[in-house]
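Me: Could you take a close look at a single part of this model for me? I'd like to hear how the sheet is put together and what sits around it.

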Amino acid sequence: MSATPETALDVADETVDRLLDQGAAPDSILVLTTGEPHPWQQHEESFGAEQYWRQYTEGRDVFYAPALNDRRLRRETVVLVVNGFADPTRSTDALVSAIGAGSGSVIVCGDLDQVRALTGL
């Protein structure tokens with residue numbers, strides 16, 4: 001889904017809503033951001049890191065996380081939000097990691113030409 005860094009979060013939210021409307025289970029969706037964290041992630045992290053990560057382990061709902069993190073995240077569907085890069089020197093790492101986290105499909109919300117240039121895909 002083509003988007004700018006400024007609109008990528010909105011496009012991703014619309015994509016998640018569409019997936020849920022089409023019958024995808026909430027626990028099958030992982031939203032990964034390359035830049036600023038998703039507002040829902042920020043909200044959930046405000047209750048503490050342990051509780052935040054427990055939500056991923058329990059797997060009951062859509063989970064929001066940074067594309068670059070210290071955990072091996074994997075879900076059937078990944079919605080990748082290319083909203084800038086938290087660490088521009090690791091932009092390719094962030095994209096490759098996020099793309100590899102989808103066991104079924106990866107939906108990229110961002111500048112598709114930039115993603116292709118950085119990943120070779």
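Reply: Here's the sheet, then its helices, then one loop residue. Quick housekeeping: this is a predicted model, where local features need pLDDT of at least 70, side-chain atom pairs count only at pLDDT 80 or more, and totals for chains, interfaces and linings use all residues. Residues are numbered from 1 along each chain as its sequence is written, and side-chain values use heavy atoms, with hydrogens and water left out.

The sheet is open, with 4 strands in the order E2-E1-E3-E4 and parallel pairing. Strands here are DSSP E runs of at least two residues, helices are H or I runs of at least four, both numbered from the N terminus, and two strands pair if DSSP finds at least two bridges between them. Strands E2 (63-66) and E4 (102-109) are the edges, each pairing on one side only. Neighbouring strands are turned by 25° on average, direction ignored; axes are lines fitted to C-alpha atoms, for helices over the stretch in contact, and angles run from 0 to 180 degrees between N-to-C directions. E3 (residues 75-81) pairs with E4 over 6 bridges, and Val-78 faces Val-106 in E4.

Helix H1 (residues 8-21) packs on this sheet, touching E1 (29-33), E2, E3 and E4, and makes about 155° with E3; contact means heavy atoms within 4.5 Å. Helix H3 (residues 49-58) lies across E2 and E3, at about 120° to E2.

Asn-83 is in the loop between E3 and helix H4 (91-100). A side-chain polar atom of Asn-83 lies 2.7 Å from the backbone nitrogen of Gly-35. Beyond four places away in sequence, Asn-83 touches residues including Pro-5, Leu-9 and Thr-33.

Technical notes: A polar contact is a pair of N or O atoms within 3.5 Å; within protein, one must be able to donate a hydrogen and the other to accept it, and residues adjacent in sequence count only if both atoms are side-chain atoms.
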